[in-house]
Amino acid sequence: MTSKNDMEALWQQTSLSGKLNQAAELTGLEFVVLMQSGNLRERTAGFPDPELSLLLNRRQALLQQDMAPFLDLTVRPLCYGALQFGWLVTAAAELEPEAAALIDELSCHLTFLLWHEEEMRQEERRHREQFLYDVLYHNFHSSEEVISMGRLWHMNLDQPHYVVVAEFDQPLPGSRSKQLIDTLESAWRGLLAGFFTQPVTMQLRTQLIMLLPVLASTGIRQASAPQQFQASMDKVRQAHPQLPTFSLGIGRVYPLVADICRSLQEARQAVSLGRFRKAESGVTCYDDLGVFKLLAHIRTEELDDFVQETLGVLMDYDSANKTDFLRTLEIFFQENESLPQAAERMFIHANTLRNRLKKIEEVLGADLGQVDVRARFYLACQALRIIRRPQN
Amino acid sequence: MQPHQIGFQVDLDRCVGCRACELACQHQHPESLAGFRHVERLHASVRVQGLLSLACNHCAAPECMRVCPEHCYDKLRNGIVRHHSESCVGCGRCVGACPFGAPRLNPRTQKAEKCDFCEDRLTRGQLPACVEACPVGALQLIELGELTEADKNLPDYPLIRYTQPSIRFVPARQPIRFLRKEAKSNDQQK
């Protein structure tokens, strides 16, 4: 029987390491605690290294509850109901009844400590998320108050900030949604840690919000942000090929904490409207949305009417003659009206493109040399992108 | 984080167009010109018949908050989008930006105003005045979980898909027709 004094001594220890060392002293055994992921959490000094290496190398077996590789060890799961927090491992296969009773007691103590840690972590995360929600939705009375509270979370909100929103391009199945967005968040956190001392990220429904300061030392500037974020996105995709495609939206930089809400809405609008330009894996700055900002306020039926009255003749001509003039016109505008670039993209000679444009002018009965006419057809081509995009 | 978001649900099948919600809103907000809620008949081109009771939809991504230069708007943790009239200068940007036309300029005060979800009533544990006044239970207060795209019954602006209004519609069922049976002819009677 385990003596009452032994149990009392175990109770006196309040930390994980303290309890392990006390148990080691009482039983003469060595212990190790592994976390739920199979990583090492705590060990006593004398726990043999070969056994520890075995545990870490065969963690997949441990995670799948396959105890065959660990027959020389005593492995106790640390669980409370359906929640598992880790494992307690002793470097001995057979245990004396007294030692077994003490290890049972120790398992209960460690389970409580790990459960408490997890609760504290979740509570802290909840408070942090609520604070960030207030910052992102301007839910505060004074900027000074929120800046001072931000310091408690190691956020310098008195600096200029901007918001980047990452969102998966297709709706995710409910069961995998949480896991995928967790992976996306950890990937971006790891990447941003190279630029910022403490990057601020937060999951908001199905979106990942990144609140980033503009620091001279980070190397990330707003002007070159799309290129830098595109490169970062490629790295994330390489590191996590299992992730579905996602797009980024970048809000404008604002010096005041009260304007962060505006940057968030801009970033959201950028990621949403940016898909009219590039349906998948796009990086869109709010500043670059251009005329889409205006077109987004117009009903789709009205846009459709405008497109029909402006480009309807060309569409009819294309369908009657099996030509591709509408696409030619779109690419011409997309390539900034550059004949060589547009021709290269379409794999035709520049003179062929010139002839096609002349024909398009004939069909439309308009002179593309006039700026107002060009602007009208450019707008119609942009509206066409909005209409074409399938509605979710 | 799945933020708490409350919203309205309108059952088009039950709404009889009595405008009790409109009147309740006017009574609750006497300082406003004509209340914040209004009942509209569905567009003639839409086949489903019905009336649409609309106020502010307390969007997940509110445009009014983005465009306001005076930071008059905030969004509470329960999802309510509030307007603080004390700092409003009446520029009207929110009026133009909202795809639902929820904020309106009050000609008396020259400031914008909009539905506040009867926040004071909610804190007292009561339902919003419009919801409580609805005699047929067509207007209800609901908790929105996973906010998806805007409801299909809403007009189709690209902006609406982005703002994610916190409103749901229960579409009206097609009316059942009862045709009078033809009377038996005299020959058959004989």
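P158(B) sits in helix α6 of chain B, which covers residues 158–163. The model is a predicted one, and the description below follows it from this residue outward. P158(B) counts as buried because it has 24 C-beta neighbours inside 10 Å, where 20 or more are required. Leaving aside residues up to four places away in sequence, P158(B) touches L273(A), A296(A) and I386(A). Within its own chain, R121(B) is 37 residues away along the sequence, and the C-alpha atoms of P158(B) and R121(B) are separated by 34 Å.

The contact between the chains can be taken next. Chain A contributes 25 residues to the contact and chain B contributes 21 residues. On the side of chain A that touches chain B, the elements giving two or more residues are α5 (97–136), β6 and α9 (260–273) of chain A. The most comes from α9(A), with eight residues. Sorted by class, this side of chain A has nine nonpolar, 10 polar and six charged residues.

Strand β6 of chain A also belongs to a sheet. Five strands of chain A form an open sheet in the order β6-β7-β5-β8-β9, and the pairing is mixed. The edges are held by β6 (200–204) and β9 (283–285) of chain A; each has a single partner strand, so one side of each is left without a neighbour in the sheet. Neighbouring strands in this sheet are turned by 20° against each other on average, direction ignored. Inside the sheet, strand β5 (residues 161–168) and strand β7 (residues 207–213) of chain A pair in the antiparallel sense over seven bridges. In β7(A), M210(A) is the residue that stands opposite V164(A). A helix lies across part of this sheet: α8 (residues 225–239) of chain A crosses β5, β8 (246–250) and β9 of chain A, and runs at about 160° to β9(A).

Chain B, the chain of P158(B), has a sheet as well. Three strands of chain B make up an open sheet with the order β8-β1-β9, again with mixed pairing. Here β8 (139–143) and β9 (167–170) of chain B are the edge strands, and each pairs on one side only. The average turn between neighbouring strands of this sheet is 30°, direction ignored. Strand β1 (residues 6–11) of chain B pairs with β9(B) in the parallel sense, over four bridges. Across from D11(B), in β9(B), stands V170(B).

Conventions
Residues numbered from 1 in each chain as written. Chains lettered and ligands numbered in written order. Predicted model: local features only at pLDDT ≥ 70, side-chain atom pairs only at ≥ 80, totals over all residues. Buried ≥ 20, exposed ≤ 12 C-beta atoms within 10 Å, placed from the backbone. Contact = placed C-beta atoms within 7 Å. Pairing = 2+ DSSP bridges. Axes fitted to C-alpha atoms, helices over the stretch in contact; angles between N-to-C directions. Nonpolar A, V, L, I, M, F, W, Y, C, P; charged D, E, K, R; others polar.
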